[in-house]
Amino acid sequence: MTPKISFRNVSKSFPLKGGDFLALDRVDLDIADREFVTVVGPSGCGKSTLMSMAAGLTEPGTGDILLDGAPVAGPGPDRGVIFQQYALFPWLTVRKNVEFGLKLMNLPQDERRKRAEHAIELVGLSDFADALPKTLSGGMKQRCAIARAYAVGPQVLLMDEPFGALDALTRVQLQDQLLDTWSRERRTVMFITHDVDEAVYLANRVVVMAARPGRIHRVIDVDLPYPRTEEVRLSPEFSRIRNEVWHSVYHQAPAA
Ligand SMILES: Nc1ncnc2c1ncn2[C@@H]1O[C@H](COP(=O)(O)OP(=O)(O)O)[C@@H](O)[C@H]1O
Ligand SMILES: [Mg+2]
């Protein structure tokens, strides 16, 4: 079966005084349709660059990035992108923020309204649909950003440390909500995080990257059942996988 997203021998350099800086070195990765893949690795190992290329916001240097087997040519409504910073329009209400992305799709007004309503409900913000972002907590702002991405109905969600700025409790709630939505409206998710627990809790597979140059260090399968519950989180198997990921993130041999 054609992978949903493929990175084929992808390298990327950035020009730097005194020569190019190799940010990503020959990355090969296939993400299957409806798979949930998390990416962890030290700061600067190229996680955001990798995701930005899948989003069509950054061009690969060499190699190919394919979506359903076709080269990525730029951003598109088939991919929803969510960053750590919520990037909401401060002068628009939650509802208007969520509807904004739909305007570009030329949907009739009542269809826009319906889709926005559904997405806002999915993230549990219905009571705040008419609130402005400045009146919301960080967690609620991020829910709004997620609703905006959901509303467009993308087959792929690209999430770059989306819960990184949130407190631990809000984070766990949003993790559960994301998994809940993912299991009901199966989509392909590529999710970057600094947090090893989060990486294991969410994923079918964890991609561990290494730095200098940025590359894939290991890919670790997470053979834990969904739904991921408290029980799963506290299981010995979870600990075992978490320790394995932790070890491969923090005890990487330096690049040859
Ligand atoms: N536009 C750019 N110009 C120059 N260097 C960049 C640019 N974007 C990223 N880099 C460099 O590439 C490396 C990888 O960055 P990034 O993908 O943001 O890493 P991560 O998200 O894993 O922390 C870093 O060393 C960063 O400084
Ligand atoms: Mg980053």
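This passage describes the domain division, the annotated region and the ligand surroundings of a predicted model.

The protein is divided into two domains. Domain 1 is made up of two stretches, residues 1–78 and residues 156–256, whereas domain 2 covers residues 88–153. A distance of 26 Å separates the C-alpha centres of domain 1 and domain 2. Domain 1 contributes 10 residues to the contact, and domain 2 contributes 11 residues. On the side of domain 1 that touches domain 2, the most residues are given by helix 5 (residues 168–184), which supplies 4 residues. By class, that side of domain 1 consists of 7 nonpolar and 3 polar residues, with no charged residues.

The UniProt record, an unreviewed entry, places the feature "domain: ABC transporter" at residues 5–236. Over residues 5–236, helix accounts for 33% of the chain and strand for 28%. The C-alpha atoms at the two ends of residues 5–236 are 32 Å apart.

The model also contains ligand 1, and the residues around ligand 1 are F14, A23, G41, S43, G44, C45, G46, K47, S48, T49 and G214. Helix 1 (residues 47–55) provides the largest share of this shell, with 3 residues. By class, the shell around ligand 1 comprises 7 polar, 3 nonpolar and 1 charged residues.

Methods: Residues numbered from 1 in each chain as written. Chains lettered and ligands numbered in written order. Predicted model: local features only at pLDDT ≥ 70, side-chain atom pairs only at ≥ 80, totals over all residues. UniProt positions renumbered as here; feature names shortened; annotations may be inferred. Near = placed C-beta within 6 Å. Nonpolar A, V, L, I, M, F, W, Y, C, P; charged D, E, K, R; others polar. Domains from an automatic or database assignment. Contact = placed C-beta atoms within 7 Å.
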